[in-house]
Amino acid sequence: MSTSPSRRTVLGLGATLALSALPTFTAHAAPHRPATSPLVPADEATALWYPEPADEDLLIEQGLPLGNGRLGTLVGGDPARELLHVTEASLWTGGANTTLDNDGQFPYGRDDFGSMTLLARATLIVPGHDRAAVRDYRRTLDLSNGLVTTEYRRGKVHYHREMFVSAADDAVVIRLGQNGGGTLTGSLALSGTHGETTTADTARHLASFSASFDNDLRYAAAVAATAGRGGGTVTAAGSRVIFTDCAEVVIVISGGTDYAPDHTTGFRDPAANPLRLAETKVIAAAASSGIALRDTHVADYRSRYDRFSLDLGSSTVRQRRLDTWSRLTARAADGSAPDPELEASYLQFARYLTICGSRDGLPMGLQGLWLEGNTPDWMGDFHTDVNIQMNYWFPDRAGLGDAFPAFADYCLAQLPAWNKVTQERFQDSRNRYRNTSGKVAGWTVAFSTNPYGGLGWWWHPAGNAWLCESLYEHYEFTQDAAYLARIHPLLKGACQFWQARLLTTEVDGREVLIDDHDWSPEHGPQDARGITYTQELLWSLFGHYEQACRILARDGEHAAVVRELRDRLYLPRVSPKTGRLEEWMSEDDLGEETHRHLSPLINLFPGDRIRPDADDPGTLNGATALLTARGMESYGWACAWRAACWARLKNGDKAYQLILTNLRPWAGGDTGTAMNFFDMYRVSDTRAIFQIDANLGTPAAMLEMLVYSRPGHIELLPALPDAWAASGSIEGAGVRGGFTVDLVWKRGRVRRATLHSVGGREVTVTAGGRSTTVRPEPGESVALTELVG
């Protein structure tokens, strides 16, 4: 398999200038600097581009995102006044939040549960470079190299600005330069967002601040600058670093907290000194040249990005000439004219966000690393009834499996706290979801979780099973037994919770096990028993736990008990009244017919119990009827889930219709894609919300349209829509069972396919009515010549 993309798409003509036990914010060894430039050439790079700067008040819709998995920023590209919103993943208020409200549920506010907040605002000022004074302006998000660039002319001088967040140097880097004999004079002011005072260190040419929250989380940020080649001076005063008459300037920003993923220390690292670390990092980075910083970053970024490539066909010359926002608008206006390179770039943008948003720290919550202020909706938390799971449907499928452990590490770090609060609080007499049995064991969660073991909003009994569904799926992709051993306690504790909770009832003369009082997210009765959502999740949870025990050769007796529970589970029926899969143990629909959640279809996607090749056409037809009734319009994340379900039903055109729904340009409507490709939805006439789950869930559905897999079985092109059928290719797509696949198609049929084992040993692959079974050794590649048609 090639390690570099076979095809790249430029959205527009051109191009840019050339769980660890450690705290989240740590010192690193000096990064390796590449000997030669690793840049993808500008005319080959996949890029989003714009002929105007972002509006400073609309950065969440127009600003371009950067990140390294811990630090994130949104940048607007204004030549004279560049505002950066800087985030740090662990900068959270709140705490353990263990005191229940009068209804037995958890408080859910910024003072108790807490919220993710901005670390800093950084304002770059370059006097005389106002918009009216510049021409030939262009700003670009270069997805191939992980860079944001701004370029323009002022007088006879060509100015260029390059920005990135380096994982190797753990810093935001701003590189200012020019061609034509000009100089740069200006400043960057660093300010906190919670009333902090920034002070200058004139000797070291830096400015910094440090502070702590009421929860005793300590944090800091720092900025330093250096003049590059060509001279000039750099100083520091007050909250600013100042550059004067410089041919080139490099500015670096870093910061962090004393958060640590360790419940025994209260999720703090008592030895951490955030201010010293921030200052050390910016000084170290500023000591390197701008080119060295960039090339180190690009080499690191491309080591992930280049594992996968996608070609959905060629767009027209007219489409390629348009800037990205015009292109989105044109695609929506001319629904009959596909723009396959635009659609492929939307998927690559999701890969970019994943690389930038998920590394070895906290996982991506509702907004990833990108906030517009200190009051993100739903606190920017980790929602457990689809949102965090949807964020992590994507990485393994898209060649980014090393982005997934952030999610698993988070769950493992929180587990002791989740165990404790479940066993101490779940049976509270005010909790309407408490176990009728009076027993409690293991762990579960609420609908919202924070980084401190804290839960928010209502109890979510089945949340443990859905987290485990996602965690186990990563094992299915990797076949990594060491990883499976790490998550085994999560699987076991979730099973123990349900052993204590399940009730026995009789259905048609047979004793079956059902869930206690519960809620099918997020509608219908709040005290229903045997809801489909939970019954389906338990069927998967118990099966995965049994398999894990067998693979790991542990807990055999407990696995046998859980197997017996699984055999007795009530599984949902098709209502004779509606013809749909029942969401509750009722022939009637007790909720909203077109509700955004697809909770009862969780075993159509992401699970596999309901599928076209299963020997249960009645259930499949009922699931199809329920999906049809839900409709084709909803929030972005809900359309993404619908698209994945239609892909599982092999209906590529319906799945594609939902992809296009999410790609509609957002301009104040209900939902759609903003100028910067962020998925937005309106909550009022004056405000909209960005949630990252749609940006990641929609491309996951796109991949499901091209490759379906479960352990032991792969199907190529199961839901290929007409718009992509003419020709295309994919390289490096992850499939469950321990493989990746490369695939080329023309006129809707496979023309070449190669399977690579990353741990898998046997699988049956089908395509276009043909089938072959292969038995590669780990590390071996097999050409699937029998499937070529």
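At what angle do the axes of helix α11 and helix α13 cross? They cross at roughly 50 degrees and come within 11 Å.

Before starting, note that this is a predicted model, in which local features need pLDDT of at least 70, side-chain atom pairs count only at pLDDT 80 or more, and totals for chains, interfaces and linings use all residues. Residues are numbered from 1 along each chain as its sequence is written, and side-chain values use heavy atoms, with hydrogens and water left out. Helices (H or I, at least four residues) and strands (E, at least two) are DSSP runs, numbered from the N terminus.

**Stop 1: α11 and α13**

Select residues 481-501 for α11 and residues 556-568 for α13. Axes are lines fitted to C-alpha atoms, for helices over the stretch in contact, and angles run from 0 to 180 degrees between N-to-C directions. The two helices are therefore oblique to each other; angles under 35 degrees count as roughly parallel, over 145 as roughly antiparallel, 65 to 115 as roughly perpendicular, and the rest as oblique. α11 passes α13 in a left-handed crossing, a term for a near helix turned anticlockwise from the far one by less than a right angle. Now show the side chains of K492, C495, Q496 and Q499 on α11, and of H558, V561, V562 and L565 on α13, which make the contact. Contact means heavy atoms within 4.5 Å. These contact residues divide into four nonpolar, three polar and one charged. Here Ala, Val, Leu, Ile, Met, Phe, Trp, Tyr, Cys and Pro count as nonpolar, Asp, Glu, Lys and Arg as charged, and the others, Gly among them, as polar.

**Stop 2: the loop before α13**

Select D555, which is found in the loop between α12 (532-552) and α13. Its phi is near 55 degrees, a positive value in a residue other than glycine. D555 is partly exposed, with a relative accessible area of 27%. Buried means under 20% relative accessible area, exposed over 50%, and partly exposed in between, with a 1.4 Å probe and protein chains only.

On the other side of α13, go to P606, in the loop between α13 and α14 (617-630). A cis peptide bond joins F605 and P606, with omega about 10 degrees.

**Stop 3: the sheet β18-β19-β20**

Select 382-383 for β18 and 455-460 for β20, then add residues 445-449 for β19. Together they form an open sheet of three strands in the order β18-β19-β20, with antiparallel pairing. β18 and β20 are the edge strands, and each pairs on one side only. Two strands pair if DSSP finds at least two bridges between them; β18 and β19 have two bridges. On that pair, H383 stands opposite S448 in β19. Add helix α9 (residues 405-425), which packs on the sheet and touches β18, β19 and β20, its direction making about 65 degrees with that of β20.

Next select W378, in the loop between α6 (340-357) and β18. Phi of W378 is near 55 degrees, a positive value in a residue other than glycine. At 34% relative accessibility, W378 counts as partly exposed.

**Stop 4: G104**

Is G104 buried or exposed? G104 is buried, with a relative accessible area of 0%. Its place is in the loop between β4 (81-92) and β5 (116-125). Show D428, R430, N431 and W459, which G104 touches, not counting residues up to four places away in sequence. Add W458: G104 and W458 are 354 residues apart in sequence and 8.4 Å apart in space, C-alpha to C-alpha.

**Stop 5: β7, β8 and β9**

Select strand β8 (residues 157-166), where ten of its ten residues are buried. In a regular strand the side chains alternate between the two faces of the sheet. On β8 both faces are covered: V157, Y159, R161, M163 and V165 are buried on one side, and H158, H160, E162, F164 and S166 on the other.

Add strand β7 (residues 147-154), which pairs with β8 in the antiparallel sense over seven bridges. R153 stands opposite H158 in β8. The hairpin of β7 and β8 has two residues between the strands, and G155 there takes a positive phi near 65 degrees.

Then add strand β9 (residues 171-179), antiparallel to β8 over nine bridges. Y159 stands opposite Q178 in β9. The hairpin of β8 and β9 has four residues between the strands, and D170 takes a positive phi near 55 degrees.

**Stop 6: P521 and E522**

Finish at E522, in the loop between β23 (518-520) and β24 (523-528). The peptide bond from P521 to E522 is cis, with omega near -15 degrees.
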